[in-house]
Amino acid sequence: MRVPAGYRTRWASLRLLWGSSRGLALGAMVMLVADAALPSLTLVSMGRAAGHIPGAVADGVSSAAGHALWWALALAAGCFTLSMLRGPVEDVLSAAARARLTAVLQERLVRAVSAPPGIAHLEDPAVLDRLSFAQGEVMGQQPADAPMTLLQTAGGRLGGLVACGVLSGYHWWLGLTLLAAWLVVRRPLGALVRSRVGTFRAAGEPLRRSWYFLGVAWRPQFAKEVRVFGLGEWVLDSYQRWYTEAMRPSWRTVGRLNLRVAGAGLLVLAAYGLGAGTLSWDAYHHTVGLRTLATMLPMLLATMPVGSVTATDFALESMLSALPDLDGLEAALAPPALPAPADPADPEALAPAAVAPADAAGLPRAAIRLEGVGFRYPGGQQDVLHGLDLELPAGTSLAVVGVNGAGKTTLVTLLARLREPTAGRITVDGHDLADLDPAAWQRQLAVVFQDFTRYPLTAAENVSLALRHDPPDPGALSRAAERAGAAELVEGLANGWQTVLSPHYTGGTDLSGGQWQRLALARALYAVERGARVLVLDEPTAQLDVRAEAAFYDRFLQITEGTTSIVISHRFSTVRKADRIAVLDAGRITELGGHDELLATGGQYAELFRTQAARFTGPASTRRGRQ
Ligand SMILES: Nc1ncnc2c1ncn2[C@@H]1O[C@H](COP(=O)(O)OP(=O)(O)OP(=O)(O)O)[C@@H](O)[C@H]1O
């Protein structure tokens with residue numbers, strides 16, 4: 001029999017709880033029984049106590065009837081106390097389950113998105129939609145709360161069913177009528193909840209856009225421009241516009257369902273009218289005692305949870321809907337399985353032998369080679385790189401220059417195996433990069449990206465992060481800082497290497513753009529100190545002042561010493577000391593050679609170099625200098 005997806009997900013969420021803590025799962029089951037039994041038990045015991053009141057009043061509290069009242073009151077008080085304790089106990093259990101399951105789910109999520117060696121999946125809108133659903137970001141509900149919420153709502157629902165059963169003990173048809181009425185109203189109410197959740201799910205991208213604008217309103221990185229350009233109102237309007245766009249498609253459906261809910265609601269009202277009317281009729285004709293009356297009247301209301309739908313049901317559906325997203329991400333992002341080795345006993349077996357990726361340790365010893373490398377971004381209209389052929393002998397430096405958008409950074413991402421070429425291949429000492437273990441290859445690299453990360457950690461952690469498994473080596477830290485021109489900067493920090501580089505934490509501070517850039521360079525050089533063999537610097541001097549840039553130029557040979565290095569820069573003073581310079585133009589290498597050689601050729605490099613040099617030596621700059 002095929003189990004509907006909703007039930008499979010519910011079952012999966014319970015398995016998740018069971019798998020992460022048997023104790024919590026058993027505790028939750030006990031609470032489910034309590035939720036199911038205690039409301040009716042409390043009402044029955046209270047009704048019983050009420051039924052003893054006339055006898056106790058007539059015969060006195062010391063009489064047998066009085067004793068019966070005391071016992072009944074004690075039982076009712078016990079049940080009531082237990083009922084009152086349910087909420088706090090469930091809160092404690094839910095908090096513990098949330099903490100444990102959040103850790104489990106977050107770990108799975110982080111592993112799933114970190115599994116691919118590249119970054120293309122993180123730019124795929126479908127993956128990003130799933131990611132934000134799996135995190136519970138879009139719905140504002142934590143998937144980790146799903147199992148406990150599920151058990152609590154199930155307990156409530158069972159409690160309503162028990163109340164219907166108790167009412168059926170009074171008039172068999174009354175409990176059944178209320179149950180039937182609630183089941184009728186539950187259908188459109190359930191559909192309403194599912195449609196609402198479906199609306200959110202169908203609108204991943206507009207919702208992500210609307211949340212983005214909400215973030216712009218309060219995240220520190222946007223604060224300056226929001227104020228200076230007066231973007232406050234626009235941010236709010238944009239948030240509302242995208243949210244409305246996301247929700248609009250569901251309005252008609254919701255309207256229709258609301259009408260059905262209202263119709264079914266009348267049916268429930270009629271069923272309650274029937275119940276209350278029957279009790280009144282019986283009371284009027286003295287065919288019902290005080291005990292039954294005191295029990296059954298409130299019992300009518302206790303049937304509500306069997307069919308009513310509240311905000312908790314919407315929250316539960318939202319939480320549950322996130323679980324398949326996590327499974328889907330794991331399946332979609334898992335590395336492809338190695339082909340099974342052929343069965344040597346089976347001569348017909350065609351499966352190739354499993355090939356483990358080659359180890360990249362110690363590479364390159366000879367050369368990195370680009371062989372007809374081309375690249376087009378997913379969904380892009382044209383190639384960004386076209387048939388690049390280039391050799392980078394180990395231990396030499398190559399500078400790549402070119403105008404904005406020429407493809408320089410894209411080339412770096414291919415070399416770092418963050419993206420795969422769409423044509424041709426890159427080899428390292430003859431091994432196709434695609435056959436190397438990506439993580440092992442990436443450990444051979446030390447890269448300063450153009451948009452490097454500013455970690456809110458200590459200066460020492462910022463520099464030694466790539467080798468965080470080893471304790472930071474003070475000697476290597478100092479040497480890296482020295483070569484990156486960051487030694488003075490670290491010395492000047494309040495706590496030296498131990499200063500936290502973020503004003504968002506107590507005792508923390510921030511650095512200027514250029515200071516951060518030196519630290520990012522020190523991070524790469526520290527990785528080189530500890531064994532990385534390829535140094536890639538993408539715009540390493542873009543934020544440096546003229547003096548720091550000149551110092552970088554002076555230290556270029558020292559910085560790149562012992563590595564195979566690639567430097568990308570628009571500042572020609574930064575690149576001219578490289579062994580070779582490649583000019584990249586619209587994704588093609590148009591010139592290649594040493595600085596003097598390229599100047600002599602009189603091509604694009606020479607033109608760009610002279611244009612830049614003229615800014616510092618020409619009459620205009622001289623004039624400006626005199627002012
Ligand atoms: N993630 C991306 N998705 C789609 N296209 C991209 C992406 N990143 C870059 N591009 C496109 O690829 C081309 C090359 O970009 P790239 O960043 O490699 O240029 P660049 O030479 O490094 O430029 P710059 O000197 O401005 O840093 C550009 O036309 C850009 O629009």
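Two strands pair if DSSP finds at least two bridges between them. Helices (H or I, at least four residues) and strands (E, at least two) are DSSP runs, numbered from the N terminus. Keep both definitions in mind.

Now, what you have in front of you. This is a predicted model: local features need pLDDT of at least 70, side-chain atom pairs count only at pLDDT 80 or more, and totals for chains, interfaces and linings use all residues. Residue numbers start from 1 along each chain as its sequence is written.

Confidence next. pLDDT is the predictor's confidence in each residue, from 0 to 100. The chain has a mean pLDDT of 87, and 93% of its residues reach 70 or more. The scores are ipTM 0.97 and pTM 0.78. Where does pLDDT stay under 50? One such stretch is residues 350-355, with eleven contacts beyond four places in sequence. Another is residues 620-627, with two such contacts. A contact means two C-beta atoms, placed from the backbone, within 7 Å. Where pLDDT is low, the predicted coordinates should not be read in detail.

On to the four-stranded sheet. It is open, its order is 2-1-4-5, and its pairing is antiparallel. Which strands stand at the edges? Strand 2 (385-393) and strand 5 (431-432) do; each has a single partner strand, so one side of each lacks a neighbour in the sheet. Strand 1 (residues 367-375) and strand 4 (residues 423-428) run antiparallel, joined by five bridges. There, Glu371 sits opposite Arg425 of strand 4. Helix 13 (residues 408-415) packs on this sheet and touches strand 1, strand 2 and strand 4. Its direction makes about 120 degrees with that of strand 1. Axes are lines fitted to C-alpha atoms, for helices over the stretch in contact, and angles run from 0 to 180 degrees between N-to-C directions.

Stay with strand 4. Two bridges pair strand 4 with strand 5, again in the antiparallel sense. Thr427 stands opposite Asp432 in strand 5. The hairpin of these strands has two residues between them, and Asp429 there takes a positive phi near 50 degrees.

Now the six-stranded sheet. This open sheet has the order 6-7-8-3-9-10, with mixed pairing. Its edges are strand 6 (445-448) and strand 10 (588-593); each has a single partner strand, so one side of each is left without a neighbour. From one strand to the next, the twist averages 15 degrees. Helix 18 (residues 513-529) packs on the sheet, touching strand 6 and strand 7, and its direction makes about 175 degrees with that of strand 6. Strand 7 (residues 534-538) and strand 8 (residues 564-568) pair in the parallel sense over five bridges.

What surrounds the ligand? Of 13 residues around it, Tyr377, Asn404, Lys408, Thr409 and Thr410 come nearest. Near means a C-beta atom, placed from the backbone, within 6 Å of the molecule.

Last, the record. UniProt, in an unreviewed entry, places "transmembrane region" at residues 68-85, 158-185, 257-281 and 293-316. Such annotations may be inferred rather than shown by experiment. In the model, residues 68-85 are 100% helix and 0% strand, with end C-alpha atoms 26 Å apart. Residues 257-281 are also 100% helix and 0% strand, and their end C-alpha atoms are 36 Å apart.
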